[in-house]
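Trainee: I'd like to learn how to read this structure piece by piece. Could you walk me through it, starting with a turn?

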Amino acid sequence: MRKRASSLAGVRTVFLGTSPFAVVVLHRLAESDHRPALVVTRPDRPRGRGRRLLPPPAAEAARELDIELIQPDSVNSEKARERIAAAKPEVVCIAAFGGLIKDPLLSEYEMLNVHPSLLPRWRGAAPIERAIMAGDEISGVSIMRPTADLDAGPVCLQREEPLRPGDDYGTLERRLAALGGELLVEALDERPQCREQAREGITYASKIEGADRRLDPTRPAVELERRVRALHPHVGAYVELPDGVRLGVCRAAVVEGGSPPGRLEAVDGRLLLGTSDGVLELLEVHPPGKRPMGTDAYLRGHAAQIAG
């Protein structure tokens with residue numbers, strides 16, 4: 001990416017981040033004049049089907065970039081604060097860290113947080129998912145100063161990103177992460193003034209829970225199709241088969257037809273779910289313990305299971 005012309009010398013930074021979103025922002029920050037002196041991320045966690053202990057994406061990125069790394073159990077601990085202080089940051093940059101930052105750390109440094117929404121819309125843990133679920137036409141990124149109140153701090157930069165037809169979490173996250181990296185560097189280059197958020201238009205993007213994954217057939221088909229996209233590929237939506245097995249749904253489409261809500265039927269190699277106002281066709285599914293596959297391939301071995 002093209003470097004911006006800096007209006008001042010590089011700002012000494014420390015970076016807090018964890019997820020793939022954070023990795024994109026970290027790479028952009030590292031190639032700028034504001035390369036972090038330290039990366040702080042979460043401890044290694046069990047991941048994948050084998051539940052192997054693996055580092056978070058930001059830890060792997062920090063090692064690749066040869067940046068000093070710490071993975072404290074709590075960023076608010078005295079030891080973590082000492083390591084951050086030793087790096088002598090002028091600004092602490094945050095992107096998808098996934099941990100609560102409390103006082104005194106919160107008040108010890110100037111902080112800039114990369115939040116993937118147009119605040120005050122979608123404050124909270126899952127702004128990308130909730131924007132897609134709600135059918136928003138515009139998303140974006142805000143660079144804001146964190147406060148004790150959830151994503152309520154003043155905003156210094158904000159830029160829109162239109163949602164495209166068919167966007168899922170993965171495609172929208174990649175664009176917002178790239179935009180977030182650019183805006184963070186711009187904020188460090190130009191040091192714009194932060195302004196308090198509007199008091200109107202506040203919405204909250206609550207954390208994705210298990211219940212959010214279920215495709216409730218009493219809801220409209222268009223709502224369920226958006227839910228599939230909002231949860232793909234990182235969490236995944238599912239339907240319940242007649243025998244109680246949860247069948248993951250990776251892609252779906254609203255199609256013409258009429259069927260009672262909740263009726264799941266295989267018709268000519270297609271898998272159709274009746275909803276409150278029509279039919280949702282399941283185009284790609286993820287059977288338990290297997291890889292995602294087209295519905296026609298799935299039905300060749302599971303049509304009887306659909307029929308119950």
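Trainee: Which residue in the turn between strand 14 and strand 15 has a positive phi?

Mentor: That's Asp-268, with a positive phi of about 50°, in a hairpin that has 2 residues between strand 14 and strand 15. Before we go on: this is a predicted model, so local features need pLDDT of at least 70 and side-chain atom pairs count only at pLDDT 80 or more, while totals for chains, interfaces and linings use all residues. Residues are numbered from 1 along each chain as its sequence is written, and side-chain values use heavy atoms, with hydrogens and water left out.

Trainee: What counts as a strand, and what counts as a pair?

Mentor: Strands (E, at least two residues) and helices (H or I, at least four) are DSSP runs, numbered from the N terminus. Two strands pair if DSSP finds at least two bridges between them. In general, strands of a sheet pair through backbone hydrogen bonds, either parallel or antiparallel. Here, strand 14 (residues 264-267) and strand 15 run antiparallel, joined by 4 bridges. One partnership to look up is Glu-265 with Leu-272 in strand 15.

Trainee: Which residue of strand 16 is the bridge partner of Leu-272?

Mentor: Glu-281. Strand 15 (residues 270-274) pairs with strand 16 in the antiparallel sense over 4 bridges, and Leu-271 has Leu-282 as its partner there. The link between strand 15 and strand 16 is a hairpin of 4 residues.

Trainee: Is strand 15 largely enclosed or open?

Mentor: Buried means under 20% relative accessible area, exposed over 50%, and partly exposed in between (1.4 Å probe, protein chains only). In strand 15, 4 of the 5 residues are buried, so the strand is largely enclosed by the rest of the structure.

Trainee: What other strands does strand 16 pair with?

Mentor: Strand 13 (residues 246-255) pairs with strand 16 (residues 279-286) over 7 bridges in the antiparallel sense, with Val-249 set against Val-285. Strand 17 (residues 293-294) also runs antiparallel to strand 16, through 2 bridges, and Glu-284 has Gly-294 as its partner. The hairpin of strand 16 and strand 17 has 6 residues between the strands, and Gly-289 takes a positive phi near 75° in it.

Trainee: In what order do the strands of the open sheet run?

Mentor: The 7 strands follow the order 5-2-1-6-7-9-10, with mixed pairing. Strand 5 (69-70) and strand 10 (155-162) are the edge strands, each pairing on one side only. For a parallel case, take strand 1 (residues 13-17) and strand 6, joined by 5 bridges; Phe-15 stands opposite Cys-93 there.

Trainee: How do I read a single residue, say Thr-41?

Mentor: Start with its place: Thr-41 is in the loop between strand 2 (36-40) and strand 3 (45-47). Thr-41 counts as buried because its relative accessibility is 0%. Next come polar contacts, meaning pairs of N or O atoms within 3.5 Å; within protein, one must be able to donate a hydrogen and the other to accept it, and residues adjacent in sequence count only if both atoms are side-chain atoms. The Thr-41 side chain reaches the backbone oxygen of Gly-17 at 2.8 Å. Contact means heavy atoms within 4.5 Å; beyond its neighbours within four places in sequence, Thr-41 touches residues including Pro-56, Leu-69 and Phe-97.

Trainee: And how many residues line the largest pocket?

Mentor: A pocket is an open set of points on a 1 Å grid over the protein atoms alone, where a 1.4 Å probe fits, with protein on both sides within 12 Å along at least five of seven lines; lining residues have an atom within 4 Å of a point. The largest pocket has 50 lining residues, with Ala-96, Phe-97, Gly-98, Gly-99 and Ala-125 nearest its centre. Its space is about 1,600 Å³, where volume is the space filled by probe spheres set on the points, and grid points are joined across faces, edges and corners.

Trainee: Which elements supply that lining?

Mentor: Among those giving at least two residues each are helix 1 (20-30), strand 6 (91-95) and helix 6 (169-190).
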